[in-house]
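Work through the exercises below with the model open beside you. Try each task before reading its solution.

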Amino acid sequence: MSNLELLPINVAGEWRLGGGDEYQSLYPATAEPIARLNAASPSDVDEAIVGADRAFRTSGWARMLPHARAAVLHRVAALIRERSEDLAQKQRLDNGKPINETRALVASAAGTFQFFAAALETLEDSITPSRGAYVTMSVHEPMGVVAAITPWNSPIASEAQKMAPALAAGNAVVVKPAEVTPLMALELAKICEEAGVPKGIVSVLPGKGSVIGDAITRHPLVKRVSFTGGTTTGKHIAHIAADKMMPVSLELGGKSPTMVLEDADLDHAVAGVLYGIFSSSGESCIAGSRLFVARSIYDAFVTRLAQAAHALRIGDPASERTQMGPLITAKHRESIERYVDLGVSEGGRIRTGGVRPSGADYDRGFFYTPTILEGLGNNARITQEEIFGPVLVAMPFDTEDDLIAQANDSVYALAAGVWSRDFKRAWKLGRAVQAGTVWINTYKQFSVSTPFGGWRDSGLGREKGREGIFQYMEQKSMYWGTNEEPLPWAR
Ligand code: NDP
């Protein structure tokens with residue numbers, strides 16, 4: 001073991017060593033350990049949740065006036081901004097994303113806290129039309145202890161996306177970050193504490209999902225799970241939730257189609273398709289991993305795209321020039337390599353990439369080149385299954401009807417992209433494609449003010465948007481009697 005100091009975790013506001021096994025977080029660019037900690041144990045889980053429930057009931061957080069709770073969340077946003085460079089560098093080390101990307105994620109986390117502070121302060125309950133001798137109101141209440149389970153690909157943004165609305169709603173939140181990327185959730189817990197979130201309202205429990213995530217999900221005091229991760233895990237959580245009659249939101253996988261029509265602005269389309277699949281090394285739920293190009297421009301377009309992919313700058317995540325960093329782990333790279341081999345065995349041809357980059361800079365880290373395969377249909381396994389890496393399958397299409405049928409032929413329906421100069425065709429395709437988000441003449445743009453989520457195997461529920469706060473609240477209808485006389489039935 002290295003001589004890094006053991007990091008404490010946060011159990012109901014207590015910073016202490018986890019009760020589980022010791023492990024290390026590695027820098028994916030060099031495979032060097034950057035943090036050492038003990039995972040949470042099942043008894044830490046119980047203690048954190050019981051403590052969170054107590055804090056929810058007794059700390060005053062849930063009943064704080066909205067503008068006062070919002071002020072605390074504004075301080076969280078300000079502290080994130082104050083420490084943004086340090087946070088961006090830590091996340092770079094934790095998951096290997098290029099520094100420009102981690103800076104953007106940190107900025108987005110601050111924006112998310114700011115947005116939900118504003119949503120809270122301006123949230124309105126309603127008086128509904130009365131149908132009798134009463135006044136009816138619909139109000140919202142916090143739920144209690146809610147859990148946030150997050151993946152490794154964009155830690156600080158995913159965690160903020162759940163913590164900010166959950167806290168704004170007045171809940172206590174127990175965060176289970178991905179085992180391999182524990183740092184950002186721990187930093188956010190420190191910031192919440194400094195900003196004035198009462199002790200016990202935030203806990204962070206790193207550790208294996210199958211042990212710690214599972215124990216959190218099953219705990220009777222957990223009233224909601226907000227999960228981002230793979231579809232198989234999401235379905236497992238949904239089964240547990242059904243038994244507990246517990247609401248869940250599930251942000252799951254994707255295999256998003258990008259459609260380039262013959263009238264597209266090709267400079268924009270090449271840049272957008274490239275960014276859509278290869279930014280974040282393709283480790284993105286919304287990666288545009290299935291490319292459909294009008295047959296008349298297919299060869300020319302894919303040639304330009306392959307040249308641009310080949311020229312991408314892969315390497316040191318600390319450099320601002322780097323466009324693609326390493327993959328998250330050696331194991332994940334092996335899984336991507338198996339998918340590329342499978343694609344070739346299914347009859348695919350590698351147009352570019354398909355190998356690890358060579359040279360001393362890449363010896364220790366988990367790098368892989370941007371890869372484009374063609375010659376496969378939409379029904380091939382690598383066109384249907386989520387790879388979660390820098391692998392694009394390119395296919396020509398003939399008619400718009402055929403395009404729509406193929407684009408929708410997937411168990412996933414998270415996102416889609418349309419490239420066309422003809423706004424009527426773009427509109428028609430955008431409406432016909434089944435997806436939680438459609439980008440027209442752009443791709444992978446995100447706004448916290450716009451709801452996000454998937455259809456079918458891509459998930460349940462929506463995060464972000466002003467309505468995002470209601471995911472973490474129960475609705476309550478209140479009737480105020482205005483009768484002059486006792487109710488007639490009893491007379
Ligand atoms: P996983 O589903 O394996 O893990 C996600 C989180 O769930 C991790 O914290 C993990 O812990 C935890 N977990 C694992 N098993 C369980 C369990 N039985 N009970 C409770 N929690 C559990 O996904 P990956 O880490 O592989 O992340 C990649 C996936 O996430 C991709 O499929 C991707 O599409 C999806 N994703 C979806 C997004 C969206 O918004 N729709 C955004 C980003 C990613 P541990 O760390 O121990 O594995």
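**Exercise 1.** Find the acidic partner of Lys-199 in its salt bridge, and say which parts the pair ties together.

*Solution.* This is a predicted model. Start at Lys-199: its salt-bridge partner is Glu-14. Next, check the distance. The closest N and O atoms are 3.0 Å apart, and the cut-off for a salt bridge is 4 Å. Now place both residues. Lys-199 sits in the loop between helix 6 (183-195) and strand 10 (202-204), while Glu-14 belongs to strand 3 (residues 14-16), so the bridge ties together parts that are 185 residues apart in sequence. Finally, set the pair in context: the structure holds 29 salt bridges.

**Exercise 2.** Describe how helix 1 and helix 7 pack, and class the residues of their contact.

*Solution.* Locate the helices first. Helix 1 covers residues 42-58 and helix 7 covers residues 209-218. Their axes are 9 Å apart, at an angle of about 30°. The crossing is right-handed. Then list the contact. Helix 1 brings Pro-42, Val-45 and Ile-49. Helix 7 brings Val-211, Ile-212, Ala-215 and Ile-216. Last, sort by class: seven nonpolar, no polar and no charged residues.

**Exercise 3.** Do the same for helix 13 and helix 14: what are the angle, the handedness and the residue classes?

*Solution.* Helix 13 spans residues 400-407, and helix 14 spans residues 423-432. They pack at about 30°, with axes 10 Å apart. Helix 13 passes helix 14 in a right-handed crossing. From helix 13, take Glu-400, Leu-403 and Ile-404. From helix 14, take Arg-425, Lys-428, Leu-429 and Ala-432. Sorted by class, this contact has four nonpolar, no polar and three charged residues.

**Exercise 4.** Which residues make the nonpolar surface patch of about 400 Å², and in which strand does Trp-480 lie?

*Solution.* Pick out the members of the patch: Ile-127, Val-135, Met-478 and Trp-480. Then trace Trp-480 to its element. Trp-480 lies in strand 23, which runs over residues 473-481.

Technical notes
Residues numbered from 1 in each chain as written. Predicted model: local features only at pLDDT ≥ 70, side-chain atom pairs only at ≥ 80, totals over all residues. Heavy atoms only, no water. Patch = residues over 30% accessible without salt bridge, like charges linked within 9 Å, V, L, I, M, F, W, Y side chains within 5 Å. Areas by Shrake-Rupley, 256 points an atom, 1.4 Å probe, with all protein chains shown as cover. Salt bridge = Lys/Arg side-chain N within 4 Å of Asp/Glu carboxyl O. Helix = DSSP H or I, 4+ residues; strand = E, 2+ residues; numbered from the N terminus. Axes fitted to C-alpha atoms, helices over the stretch in contact; angles between N-to-C directions. Left-handed = near helix turned anticlockwise from the far one by under 90°. Contact = heavy atoms within 4.5 Å. Nonpolar A, V, L, I, M, F, W, Y, C, P; charged D, E, K, R; others polar.
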